[in-house]
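The following note is offered to a colleague at the bench who wishes to read this model with care. The points are numbered so that each may be checked against the coordinates.

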Amino acid sequence: MCGIVGYIGSSKAQDILVEGLKKLEYRGYDSAGVAVYNGGRLEVVKAKGRLAELEGKLEAAPLSGTIGIGHTRWATHGKPSDVNSHPHVDNERKISVVHNGIIENYIALKEELIERGHRFVSETDTEVISHLIADLYEGDIVRAVQAAVKRLRGAYALGVIAEEEPDKLVAVRNASPLIIGVGDGENFIGSDIPAVLPHTRDIYILKDGEMAVLTRNGVELFTLEGNIISRELFHVDWDLTTAEKGGYDHFMLKEIHEQPKAYRDTMGSRITEDGKRVVMNEVKMTADELRTIRHVHIVACGTAYHAGLVGKNVIERLARIPVEADVASEYRYRAPIISKETLVIVVSQSGETADTLAALREAQRQGARVIAITNVVGSSVAREADDVITTWAGPEIAVASTKAYTSQLIAFYLFGLYLTQTLETQEPAMIEEAITALRALPEQVETLLGQADTVKAFAEKIANHDDLFFIGRGLDYAVAQEGSLKLKEISYIHSEAYASGELKHGTLALIEDGVPVIALATQQELFEKTLSNIKEVTARGAYVMGIAPEGDQELAKSVDEVITIPRTLGLLTPALSVVPLQLLAYYASLARGNDVDKPRNLAKSVTVE
Ligand code: F6R
């Protein structure tokens, strides 16, 4: 979840590193630093806080060197501080290291190195790496790094430079993402593609257990044992501006508005031209193999898990296969019953979430076939799963996930329908009806975004409250959980999501005059029951915003504000009803003066357990 960047060439490394770190700041942002070979020695400049702090220091005392490494940090070992920031160095400042991930055996290594005379200044696990490499260094940085990583246990992506070899930048990957950008007379490393995109579109994606040695004139890839690897360059054809705010005040708002496009792109060529069937070429399982599935497990974290709750509903209702949905951090430890007849679907925007990756591996270990729904091509999850359904949401920069979540819903609808048509559990006419409704969603989201002002007004009224509730039944409950998470993470208002029917079993005690409640009532067959639950809270003075299907006459009479969502199939309503909840979280966060795109204590990609 931290960001790494590295440069070797003939330009001023400092500027390229800072520019790259800006593109990665969303990955971690409690401190940042650079190390540059400058005037015959390694100079390190670090600053706690946002990147601007580091920029200030570098402006005051610029470094002119042309090789360097940089890092933005999201603290794991040791609090955010200048000294805990990366890059780290050894006592002689001969070796400098940036690191993403966690070194599990760092305490034992630290004790050993202290005995050998090394002095440590930070609380980090990373500092042991710079000392260890320095300890093993005998004039060849590549060999020293190879020897050092043999001693490391855990996850790491590393960028390393040595004072005595200012013509080499060494990169290593083990369970933390790292890419190499190949330029003309200059080369780059990055924990993510946007870091190098202003300079090159030709990249190598390192795999676990691989390293790269970059000089000004070339890049060589090796296994950790030193065997040369030959690999084709991957040409990135993304437009860099897609990773920028595009005129919106925040990435989150931009990404909310990008949802119609994300829906269209994710459906893309997966629907036949006549609109009758779903095509999933990326799912390699044959029809016979799909027919052997007896149970499905959906495993993910946070927002992706909430998409999984909808996915469970879709698969059970359409394909009539029992589905369990689990948060990934619990899955492995509850001894799940997995067999060859289990299909495990892991969902991850980033494709790098440690818990999700661990669940994937455990499922495969026990013989399950794993399908990944992910937004990042070439991510760890995408590489390790047996089949991959890519969501084409494009890069998501805001920490709060919006378009990735809704694209995951679209992926579940498509896969659910694909499974259904293969297993023939529904009439073809039903599948056709669902596809027609799916295709209408992008335009319906556009209409829905037109009600942003009503949501904004409500958000401003509730922004000073400390607690609020989201209620709903069935799919509305699944969406309520996502709405509640979104609000908490960016507005810092405490909220709870409840199945409406559960309120009277305890939570109703918390409802008093003026407590805000967001009530979802989009499910036709549950409408009457939900309405009774809403009346239970209005009778106790709650201030209610209802979400109802277009044309509603009933709910509007019982609540303070109402947002209507365009008519669609009950199963598809989450792809619409979540949109006002995303806007509610956004405007509440804005009204409270929070940093919408970078909420406190959170990071975009969580690559530690
Ligand atoms: C919330 C959010 C997180 C992520 C979760 C999983 O807005 O973004 O809850 O959904 O950390 O991340 P991925 O999908 O990258 O595995």
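1. A nonpolar core is here a set of buried Ala, Val, Leu, Ile, Met, Phe, Trp, Tyr and Cys residues joined through side-chain atoms within 4.5 Å. The model is predicted. Its largest nonpolar core has 93 residues, and Ile-315, Ile-345 and Phe-415 are those with the most contacts inside it. At least three residues of this core come from each of domain 2 (253-426) and domain 3 (449-591). In soluble globular proteins, nonpolar side chains tend to be buried together.

2. Phe-415 merits inspection. Which residues is Phe-415 in contact with, leaving aside its neighbours within four places in sequence? They are Met-280, Val-283, Ile-315, Leu-343, Ile-345, Ile-371 and Ile-389. Two of these partners, Ile-315 and Ile-345, are named with Phe-415 as having the most contacts inside the largest core.

3. The domain division should be kept in view. The protein is divided into domain 1 (3-244), domain 2 (253-426) and domain 3 (449-591). Between the C-alpha centres of domain 1 and domain 2 the separation is 33 Å.

4. Helix H9 (residues 302-319) can be tested for regular geometry. At 1.5 Å a residue, its 18 residues should span 26 Å, and the C-alpha atoms at its ends are 25 Å apart, which agrees. Of the 18 residues of H9, 14 are buried, so the helix is mostly covered. Just after H9, Arg-320 adopts a positive phi of about 55 degrees.

5. Enclosed space is the next matter. How many cavities of 30 Å³ or more are there? The count comes to two. The second largest cavity has a volume of about 40 Å³. Its lining consists of Val-314, Leu-318, Tyr-413, Leu-417, Ala-434, Leu-569, Leu-571 and Leu-572. H9 and helix H13 (403-423) each contribute at least two residues to that lining.

6. The loop between strand E9 (179-182) and strand E10 (187-190) contains Asp-184. Is Asp-184 buried or exposed? Its relative accessible area is 77%; because the cut-off for exposed is over 50%, Asp-184 is exposed. Thr-200 is 16 residues from Asp-184 along the chain, and the C-alpha atoms of the two are separated by 8.7 Å.

7. One peptide bond calls for attention during checking. His-86 and Pro-87 are joined by a cis peptide bond, with omega about -5 degrees. Pro-87 belongs to the loop between strand E4 (67-73) and strand E5 (88-89).

8. Backbone angles should also be examined at Ala-335 and Asn-601. Ala-335, which is not glycine, has a positive phi near 45 degrees. This residue lies in the loop between helix H10 (328-331) and strand E18 (342-348). Ala-335 counts as exposed because its relative accessibility is 60%, where exposed means over 50%.

9. Asn-601 is likewise a residue other than glycine with a positive phi, near 65 degrees. Its place is in the segment after helix H19 (574-591). With a relative accessibility of 66%, Asn-601 therefore counts as exposed.

Terms used
Residues numbered from 1 in each chain as written. Predicted model: local features only at pLDDT ≥ 70, side-chain atom pairs only at ≥ 80, totals over all residues. Heavy atoms only, no water. Buried < 20%, exposed > 50% of the residue type's maximum accessible area, 1.4 Å probe, protein only. Domains from an automatic or database assignment. Contact = heavy atoms within 4.5 Å. Helix = DSSP H or I, 4+ residues; strand = E, 2+ residues; numbered from the N terminus. Expected span 1.5 Å × (residues − 1). 1 Å grid on protein atoms, 1.4 Å probe; cavity = no way out; pocket = protein on both sides within 12 Å on 5 of 7 lines; lining within 4 Å. Points joined across faces, edges and corners; volume = space filled by probe spheres on them.
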